[in-house]
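Me: I would like to learn how to read the features of a model like this one. Please take them in turn, giving the general idea of each before the particular case.

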Amino acid sequence: MPHAPSSKPSAGKPLLYGCGVALAAALLGYASYRATDPGHQPAVSSSAADATAGPAAGVVPELVKLARRDPGDKLARGRADAPVVVIEYADFTCSHCARFARDTEPALVKKYVDNGTLRIEWRNFPIFGAESEAAARAAWAAGQQDRFWQFHAAAYAEGVKEKGFGKATLTALARQAGVADLDRFARDADSPAARAAVSRDQEEAYGIGATSTPSFLINGRPIVGYQPVAVFAQVIEAAVGGTGNTEDAKDTDKWPRTPATSLLA
């Protein structure tokens, strides 16, 4: 299950972008808290059903503006002008983030990113201590050589988390990801630029009330915790003005179910 963070936001004030976001932060924080409760097991199907309410349901306009849509963003995939943006706040040491990366994200890329409907923007949200921070900086460093998504896949592969994310492991993952200049990778990972980039993402997540990983914004609609493909498919379809009742979304029984929390529920 998702876990509560082991660290707290910095001494600076949370990045609240208006009263709407302040409310969303409270709701997202509560949803994150409930996602860590072993006794709380809402049905994923109810979240998926609520996603059919329409493109504006559950959307906080201020959160829509957090999509950077920077064509040069090395930690994003998909067209900068895609109609739907998923922002993912995640930690490389998070088992549910790994499950999303392996089980859900590839299907979303194939169905929506490849045809220009969806853009995925990654935000480093390390909340489990020094190894989380180191992995986040290493991922950013891999991105400087255009190998972020390859590093992402390597880091989230089965069994990697259990080895820990020490310096030797991170270097091995960079090599596996095809990072060409490993000396530059090491320098970049330990640079002030890497720390600033990770801190920026982390503060953004804390500012909207995220306290667990993975957390998502889909065109300004917050969702907390691992969710199967069907949930994302319906929210994406709703965001582009569809009914959400795609063939993939209707056949919800074929997707794995897991205790999760959504602000749609």
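**Reading the packing and the loops**

Reply: α6 passes α7 in a right-handed crossing, where right-handed means that the near helix is turned clockwise from the far one by less than a right angle, and left-handed that it is turned anticlockwise. The elements themselves are DSSP runs numbered from the N terminus, helices being H or I runs of at least four residues and strands E runs of at least two. This is a predicted model, in which local features need pLDDT of at least 70 and side-chain atom pairs count only at pLDDT 80 or more, while totals for chains, interfaces and linings use all residues. Residues are numbered from 1 along each chain as its sequence is written, and side-chain values use heavy atoms, with hydrogens and water left out.

Me: At what angle do α6 and α7 pack?

Reply: An angle of this kind is taken between N-to-C directions, from 0 to 180 degrees, with axes fitted as lines to C-alpha atoms, for helices over the stretch in contact. Here α6 and helix α7 (residues 167-176) pack at about 125 degrees, with their axes 8 Å apart. That angle makes α6 oblique to α7, since under 35 degrees counts as roughly parallel, over 145 as roughly antiparallel, 65 to 115 as roughly perpendicular and the rest as oblique.

Me: Which residues of α6 and α7 meet?

Reply: A contact requires heavy atoms within 4.5 Å. On the α6 side Phe-151, Ala-154 and Ala-155 take part, and they meet Leu-170, Leu-173, Ala-174 and Gln-176 in α7. Sorted by class, the residues of this contact are six nonpolar, one polar and no charged; Ala, Val, Leu, Ile, Met, Phe, Trp, Tyr, Cys and Pro count as nonpolar, Asp, Glu, Lys and Arg as charged, and the others, Gly among them, as polar.

Me: Is α6 mostly covered or mostly open, and how many of its residues are buried?

Reply: A residue is buried under 20% relative accessible area, exposed over 50% and partly exposed in between, using a 1.4 Å probe and protein chains only. By that measure α6 is mostly covered, with six of its eight residues buried, namely Phe-148, Trp-149, Phe-151, His-152, Ala-154 and Ala-155. These buried residues pack against β1 (76-77), α4, β3 (118-124), α5, α7 and α8 (182-189).

Me: What does Leu-170 touch?

Reply: Leu-170 sits in helix α7 and counts as buried because its relative accessibility is 7%. Leaving aside residues up to four places away in sequence, Leu-170 touches Ala-134, Ala-135, Ala-138, Phe-151, Phe-165 and Phe-185. Leu-170 and Glu-131 are 39 residues apart in sequence, yet their C-alpha atoms are 9.9 Å apart in space.

Me: How do the axes of α5 and α9 cross?

Reply: The axes of α5 and α9 come within 9 Å and cross at roughly 110 degrees, and the two helices are therefore roughly perpendicular to each other. The crossing of α5 past α9 is right-handed. Glu-133, Ala-136, Arg-137 and Trp-140 of α5 make the contact with Ala-193, Ala-194, Arg-195, Ala-197, Val-198 and Gln-202 of α9. The residues of this contact divide into six nonpolar, one polar and three charged.

Me: Which residues touch the most other members of the largest nonpolar core?

Reply: A nonpolar core is a set of buried Ala, Val, Leu, Ile, Met, Phe, Trp, Tyr and Cys residues joined through side-chain atoms within 4.5 Å. The largest one has 50 residues, of which Phe-92, Leu-118 and Phe-151 touch the most other members. Helix α4 (residues 95-113) gives this core its largest share, eight residues. A second, separate core has 14 residues, including Leu-63, Leu-66, Ile-87 and Tyr-89.

Me: What backbone details should I look for, and where is the cis peptide bond?

Reply: The cis peptide bond joins Thr-213 and Pro-214, with omega about -5 degrees, and Pro-214 lies in the loop between α9 (192-207) and β4 (215-218). A positive phi in a residue other than glycine is a further detail, and Asp-146 has one near 60 degrees. Asp-146 is placed in the loop between α5 (130-143) and α6 (148-155), and is exposed because its relative accessible area is 53%. Asn-219, in the loop between β4 and β5, likewise has a positive phi, near 50 degrees.

Me: How many helices and strands are there in the protein chain?

Reply: The protein chain has eleven helices and six strands, and buried residues make up 52% of its 265 residues.
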